[in-house]
Amino acid sequence: MAVSKLSMRRVIISNLFEYLKLNYDFERPAEPSPSVQISDRDIDIALSYKSDHRLGELREALSRVEKGTYGYCIGCKRPLTRADLEEDPAKRVCASCEESFKMVRHTARAPQSADTSR
Ligand SMILES: [Zn+2]
């Protein structure tokens, strides 16, 4: 995926501010020009706004961009598809891992039979 760190960051940040605007009436800070990125301070202000699950996800996505792990599945480590990230820029798992995570959670929540192996 030939997408620069900066452009990944911009996508996530614009989602973040979009979300804030929709849910909290928070206007994104003005960007003097497209080449100027919103400062970390602006992001901190936006994120301190509310403790919110979705904001947490987007914040995490930003830190993954910094670490260079953004865009990779946390399960199988394979790159996520562009379509996945367009649908949700904060996405962390690919479709097949998501399925198995669901199954794991389901099994953990509702054991079908008594575990006698232990
Ligand atoms: Zn995966």
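Helices here are DSSP runs of H or I with at least four residues, strands are E runs of at least two, and both are numbered from the N terminus. On that basis the chain has 5 helices and 0 strands, so the order from the N terminus reads α-α-α-α-α.

A word on provenance: this is a predicted model, where local features need pLDDT of at least 70, side-chain atom pairs count only at pLDDT 80 or more, and totals for chains, interfaces and linings use all residues. Residues are numbered from 1 along each chain as its sequence is written, and side-chain values use heavy atoms, with hydrogens and water left out.

**Overall picture**

Of the 118 residues in the chain, 29% are buried (buried is under 20% relative accessible area, exposed is over 50%, partly exposed is in between, with a 1.4 Å probe and protein chains only). Take the contacts with a separation of 6 or more, where contact means heavy atoms within 4.5 Å: residues 24 or more positions apart account for 53% of them.

**α1 against α3**

Helix α1 (residues 5-24) and helix α3 (residues 53-67) have axes that come within 10 Å and cross at roughly 170°. That makes the two helices roughly antiparallel. The axes are lines fitted to C-alpha atoms, for helices over the stretch in contact, with angles from 0 to 180 degrees between N-to-C directions; under 35 degrees is roughly parallel, over 145 roughly antiparallel, 65 to 115 roughly perpendicular, and the rest oblique.

On the α1 side, the residues that meet α3 include M8, I12, L16 and Y19, and their α3 partners include L55, L58, L62 and V65. Sorted by class, this contact has 12 nonpolar, 1 polar and 4 charged residues (Ala, Val, Leu, Ile, Met, Phe, Trp, Tyr, Cys and Pro are nonpolar, Asp, Glu, Lys and Arg are charged, and the others, Gly among them, are polar).

L16 sits in α1 and is buried, at 0% relative accessible area. Not counting residues up to four places away in sequence, L16 touches A46, L47, L55, L58 and L62. Its C-alpha lies 8.3 Å from that of R59, although the two are 43 residues apart in sequence.

**Three loop residues**

| Residue | Loop | Relative accessible area |
|---|---|---|
| I38 | α1 to α2 (40-48) | 6%, buried |
| K77 | α3 to α4 (82-87) | 60%, exposed |
| K91 | α4 to α5 | 13%, buried |

I38 and R28 are 10 residues apart along the chain, with 9.1 Å between their C-alpha atoms. K77 isn't a glycine, yet has a positive phi of about 65°. Leaving aside neighbours within four places in sequence, K91 is in contact with R64, L80, D84, L85 and E98.

**The largest pocket**

K91 turns up again here. The largest pocket holds about 320 Å³ of space, and of its 13 lining residues, E57, A90, K91, R92 and V93 are the closest to its centre. Helices α3 and α5 (95-109) are the elements that give two or more residues to the lining, with the largest share, 4 residues, coming from α3. By class, the lining has 4 nonpolar, 2 polar and 7 charged residues.

For the record, a pocket is an open set of points on a 1 Å grid over the protein atoms alone, where a 1.4 Å probe fits and protein lies on both sides within 12 Å along at least five of seven lines; lining residues have an atom within 4 Å of a point. Points are joined across faces, edges and corners, and the volume is the space filled by probe spheres set on them.
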